[in-house]
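Hi there,

Here is the structure I promised to pass on to you. Have a look at it first, and my notes follow right below.

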Amino acid sequence: MRFRVATAGVAALVLLAATDDDGDGVVCTEEFRTAVVTLVDAAGAAVLGADVRTYLVRTGERVPVTSIIDLIPGSYLILDDNAVALIQGEDEAFRVTADGGAAGAAEATYRFAAPNGCHIEKVSGPDTLTVR
């Protein structure tokens, strides 16, 4: 019986610690989300070493993507949870440009939301871009 009481007490402390300071009852997980695009050439081969950039459409400013994760060849980070504060309203438009050098270039517009201000969530936009 003691074990159950201790477990319940620990669970209550964890839940209390997970709530935010502004009292709105929103609890965000500690995960860190990223959004990725795959670049391919006209033949469908992965494009390596491309220069991929993300811009906030509303301001035209470049959005730095600071996450460092190991991706499969031809995949590139386009946004991460550091951009949550940039998302105003229900969702926000971001323009992604990709310069694949000799393989060509591509561009697409994405929409991301940040439900409860916790994590990015892709609303629309392609998973794969073909450079031409």
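Asn 116 is exposed, with a relative accessibility of 61% (exposed means over 50% relative accessible area, buried under 20%, and partly exposed in between, with a 1.4 Å probe and protein chains only). Asn 116 sits in the loop between strand 5 and strand 6 (strands are DSSP runs of E with at least two residues, numbered from the N terminus). Although Asn 116 is not a glycine, its phi is positive, at about 60°. For background, most residues other than glycine have a negative phi.

Before you read on, please note that this is a predicted model, in which local features need pLDDT of at least 70 and side-chain atom pairs count only at pLDDT 80 or more, while totals for chains, interfaces and linings use all residues. Residues are numbered from 1 along each chain as its sequence is written, and side-chain values use heavy atoms, with hydrogens and water left out.

Now to the sheets. Strands pair here if DSSP finds at least two bridges between them. One open sheet has four strands in the order 2-4-5-6, with antiparallel pairing. At its edges are strand 2 and strand 6 (121–124), each of which pairs on one side only. On average, neighbouring strands of this sheet are turned by 35° against each other, direction ignored (the axes are lines fitted to C-alpha atoms, and angles run from 0 to 180 degrees between N-to-C directions). Within this sheet, six bridges connect strand 2 and strand 4 in the antiparallel sense, and Tyr 55 stands opposite Arg 95 in strand 4.

The other open sheet I noted is made of three strands in the order 3-1-7, and its pairing is mixed. Strand 3 and strand 7 are at the edges with a single partner strand each, so one side of each has no neighbour in the sheet. Here the average turn between neighbouring strands is 30°, direction ignored. Where does the mixed pairing come from? Strand 1 and strand 3 run antiparallel and are joined by five bridges, whereas strand 1 and strand 7 (residues 128–130) run parallel and are joined by three bridges. In the parallel pair, Leu 39 stands opposite Leu 129 in strand 7.

In the antiparallel pair, Thr 38 stands opposite Ser 75 in strand 3. The side chains of Ser 75 and Thr 38 are also joined by a polar contact of 3.3 Å (a pair of N or O atoms within 3.5 Å; within protein, one must be able to donate a hydrogen and the other to accept it, and residues adjacent in sequence count only if both atoms are side-chain atoms). Is Ser 75 buried or exposed? Ser 75 is buried, because its relative accessible area is 10%. Leaving out residues up to four places away in sequence, Ser 75 touches Val 36, Val 37 and Thr 38 (contact means heavy atoms within 4.5 Å).

Next, the inside. The largest nonpolar core has 25 residues, and those touching the most other members are Leu 39, Val 52, Ile 78, Leu 79, Tyr 110 and Phe 112 (such a core is a set of buried Ala, Val, Leu, Ile, Met, Phe, Trp, Tyr and Cys residues joined through side-chain atoms within 4.5 Å). Two or more residues each come from strand 1 (34–40), strand 2 (51–56), strand 3 (75–80), strand 4 (92–99) and strand 5 (105–113). Strand 5 gives the most, with four residues. Beyond its neighbours within four places in sequence, Val 52 has contacts that include Leu 39, Ile 78 and Val 96.

Finally, the charged pairs. How many salt bridges are there? The count comes to six, taking a side-chain nitrogen of Lys or Arg within 4 Å of a carboxyl oxygen of Asp or Glu. One of them joins Arg 95 and Glu 107, with the closest N and O atoms 3.8 Å apart. Arg 95 is in strand 4 and Glu 107 in strand 5, so this pair ties together parts twelve residues apart in sequence. Arg 95 is partly exposed at 28%, and Glu 107 is exposed at 52%. Another salt bridge links Asp 127 and Lys 122, at 2.5 Å from N to O; Asp 127 is exposed at 53%, while Lys 122 is partly exposed at 33%.

Best wishes
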